[in-house]
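Colleague: I am new to this structure and would like to learn how to read it. Could you take me through it feature by feature?

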Amino acid sequence: MLLLTVMLSGCATGGRASKGKLFQRGVASWYGKFHQGKKTASGEIFDMNKMTAAHRTLPFGSRLLVKRSATGQTVHVRINDRGPYSGGRILDLSFAAAEKIGIVAKGEDEVEIYGD
């Protein structure tokens with residue numbers, strides 16, 4: 001059980017992502033139309049066309065550089081929601097952010113999260 005917990009937690013180094021440093025590695029997915037116009041955990045209205053993301057613990061307003069491990073494609077996002085809540089994923093990207101790094105069709109992929 002301990003090994004599973006360590007594997008799912010990725011490379012988390014604490015409560016904040018330090019600028020330019022690897023914070024976490026794992027699977028990211030995306031969300032869009034179903035949540036469009038609904039209130040996020042931060043109180044902001046979700047807009048699937050903005051470069052935002054949901055993370056379980058990072059402070060709202062945190063800015064991250066998300067790198068798709070397979071291709072090296074990157075996107076800058078701002079944390080405005082909580083999640084993901086299933087599948088051992090570490091990040092839920094807005095549709096626009098996921099589209100920028102090419103994971104919309106696949107649904108999810110391995111990413112690295114850096115402080116921005």
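Colleague: Along E3, which side chains point to one face and are buried, and which point to the other?
Modeller: In a regular strand, side chains alternate between the two faces of the sheet. This model is predicted, and its strand E3 shows the alternation: Leu64, Val66 and Arg68 point to one face and are buried. Arg63, Leu65 and Lys67 point to the other face and are not buried.

Colleague: How many bridges pair E3 with E4, and in which sense?
Modeller: The two strands have 5 bridges and pair in the antiparallel sense. Two residues of the outward-alternating set can be traced across to E4. Leu65 has His76 opposite it in E4, and Lys67 has Thr74 as its bridge partner there.

Colleague: And which bridges does E3 make with E6?
Modeller: E3, which covers residues 63–68, is joined to E6, residues 108–115, by 5 bridges, and the two run antiparallel. Arg68 can serve as a marker here, as it stands opposite Val111 in E6.

Colleague: How many residues lie between E3 and E4 in their hairpin, and what is the phi of Gly72?
Modeller: Most residues other than glycine have a negative phi. In this hairpin 5 residues lie between the strands, and Gly72 in the turn has a positive phi of about 80°. Gly72 is partly exposed, because its relative accessibility is 33%. Its C-alpha is 8.4 Å from that of Ile101, although the two are 29 residues apart in sequence.

Colleague: Why is E4 described as largely enclosed?
Modeller: The way to read this is to count buried residues along the strand, where buried means under 20% relative accessible area. In E4, 6 of the 8 residues are buried, so the rest of the structure largely encloses the strand.

Colleague: How do E2 and E4 run, and how many bridges join them?
Modeller: E2, residues 52–54, and E4, residues 74–81, run parallel and are joined by 3 bridges. Opposite Ala53 in E4 is Ile79, and opposite Ala54 is Asp81.

Colleague: What is the strand order in the closed barrel?
Modeller: The 6 strands run E1-E5-E2-E4-E3-E6, and their pairing is mixed. On average, neighbouring strands of this sheet are turned by 45° against each other, with direction ignored.

Colleague: How many aromatic pairs are there?
Modeller: The count is 2. Trp30 and Phe95 form an edge-to-face pair, with 5.4 Å from centre to centre and 65° between the planes. Trp30 is in strand E1 (residues 22–31) and Phe95 in helix H2 (residues 95–100), so this pair ties together parts that lie 65 residues apart in sequence. Trp30 is partly exposed, with a relative accessible area of 28%.

Colleague: And is the pair of Tyr31 and Phe46 stacked or edge-to-face?
Modeller: Planes under 30 degrees apart count as stacked. Tyr31 and Phe46 have 15° between their planes and 4.5 Å between their centres, and their pair is stacked. Tyr31 belongs to E1 and Phe46 to the loop between E1 and E2, so the pair links parts 15 residues apart in sequence. Tyr31 is buried at 10% relative accessibility, and Phe46 is buried at 2%.

Colleague: Which residues are closest to the centre of the largest pocket?
Modeller: The largest pocket holds about 150 Å³ of space. Among its 13 lining residues, Tyr31, His35, Asp81, Arg82 and Asp92 are the closest to the centre. By type, the lining divides into 5 nonpolar, 3 polar and 5 charged residues. Two of these central residues have come up already: Tyr31 in the stacked pair and Asp81 opposite Ala54.

Colleague: Is the peptide bond from Gly83 to Pro84 cis or trans?
Modeller: Most peptide bonds are trans. The bond from Gly83 to Pro84 is cis, with omega near -5°. Pro84 lies in the loop between E4 and strand E5 (91–94).

Methods
Residues numbered from 1 in each chain as written. Predicted model: local features only at pLDDT ≥ 70, side-chain atom pairs only at ≥ 80, totals over all residues. Heavy atoms only, no water. 1 Å grid on protein atoms, 1.4 Å probe; cavity = no way out; pocket = protein on both sides within 12 Å on 5 of 7 lines; lining within 4 Å. Points joined across faces, edges and corners; volume = space filled by probe spheres on them. Nonpolar A, V, L, I, M, F, W, Y, C, P; charged D, E, K, R; others polar. Pairing = 2+ DSSP bridges. Helix = DSSP H or I, 4+ residues; strand = E, 2+ residues; numbered from the N terminus. Axes fitted to C-alpha atoms, helices over the stretch in contact; angles between N-to-C directions. Buried < 20%, exposed > 50% of the residue type's maximum accessible area, 1.4 Å probe, protein only. Phe/Tyr/Trp six-rings, centres within 6.5 Å; stacked < 30°, edge-to-face > 60°.
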